[in-house]
Amino acid sequence: MGAVARISASSSATTPPAGAGSAPGETRLPRALAGSARERPTASAGKVRTALIVDDSISARRMTAQVFRDAGFDVRTAIDGLEAVTLLNRLVPDLIMTDLEMPRMNGLELAAHVRARDATKNVPIVMITSRSTEKHRQQARANGVDLYLTKPFRPDDLLRQIGALAGG
């Protein structure tokens, strides 16, 4: 099971004490999600949520897309950050799931782009990567990533964390 990093309002990265309502291996990051349920409707509000899956690996992209479809999301996919930016010109998803290492535009650059645009600055960004060092977590945090997961991950753990981020 991969480690999980999750945003909270705290000012430092810490591992919560056991029994504090957090999964083992979860790291809280210092950037809180902005926006309201009105800005990001949930399935309970009658709107199907949209997820943008960005990964250069076709197998990872297909597997992740299927996990989200099975959870009731409308899914769009992109092979790298540049293709995702093109999609973001026509679509504001409820969630962006990205790999870190991709050609043309990596996940950190994509996250910074998403945060710089008014239309997407409050969209939750989840990064799934094989990079588990604190350096990479800090880079993700600095670029606006809300949830940092390391591979391999369990789909049920991913969906539990996504539910908290996307309000559903």
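Start by selecting residues 1-43. In this predicted model, pLDDT stays under 50 over that whole stretch. The model still has 100 contacts beyond four places in sequence for residues 1-43. How should you read such a region? Where pLDDT is low, the predicted coordinates should not be read in detail. Keep that in mind, then move on.

Next, select the whole protein chain and colour it by pLDDT. The mean is 78, and 71% of the residues reach 70 or more.

Now switch to a cartoon view. How many helices and strands can you find? The chain comes to five helices and seven strands. Trace the chain along its sequence and you can tick off the pattern β-β-β-α-β-α-β-α-β-α-β-α.

Turn on the surface for a moment. About 7900 Å² of the protein chain is accessible, and carbon and sulfur atoms hold 51% of that area. Of the 168 residues, 49% count as buried. Contacts tell you about the fold too: among those with a separation of 6 or more, 58% are between residues 24 or more positions apart.

Time to zoom in on helix H3, residues 107-116. Which of its residues are buried? Pick out Gly107, Leu108, Leu110, Ala111, Val114 and Arg115. Now look down the axis of H3: these buried residues fall within an arc of 160 degrees, so they line one face of the helix.

What does that set of residues pack against? Show these elements around H3 one by one:

- strand S3 (50-54) and helix H2 (81-88)
- strand S5 (95-99) and strand S6 (125-129)
- helix H4 (134-142)

Before you leave H3, select Asn106. This residue caps the N-terminal end of the helix. Look for its side-chain oxygen, which lies 2.9 Å from the backbone nitrogen of Leu108.

For the last stop, go to helix H2 and select Glu83, which is found there. Is Glu83 buried, partly exposed or exposed? With a relative accessible area of 29%, Glu83 is partly exposed.

Which residues does Glu83 touch, leaving out those up to four places away in sequence? Show Thr77, Ala78 and Arg104 to see them. Then display Ile79 as well: its backbone nitrogen lies 2.9 Å from a polar atom of the Glu83 side chain.

Finally, select the C-alpha atoms of Glu83 and Val54. Along the chain these residues are 29 residues apart, and in the model their C-alpha atoms are separated by 8.5 Å.

Definitions and conventions
Residues are numbered from 1 along each chain as its sequence is written. This is a predicted model: local features need pLDDT of at least 70, side-chain atom pairs count only at pLDDT 80 or more; totals for chains, interfaces and linings use all residues. Side-chain values use heavy atoms; hydrogens and water are left out. Helices (H or I, at least four residues) and strands (E, at least two) are DSSP runs, numbered from the N terminus. Buried means under 20% relative accessible area, exposed over 50%, partly exposed in between (1.4 Å probe, protein chains only). Contact means heavy atoms within 4.5 Å. Accessible areas come from the Shrake-Rupley method with a 1.4 Å probe; for residues, only the protein chains shown count as cover. pLDDT is the predictor's confidence in each residue, from 0 to 100. The arc is that of the directions from the helix axis to the C-beta atoms. A polar contact is a pair of N or O atoms within 3.5 Å; within protein, one must be able to donate a hydrogen and the other to accept it, and residues adjacent in sequence count only if both atoms are side-chain atoms.
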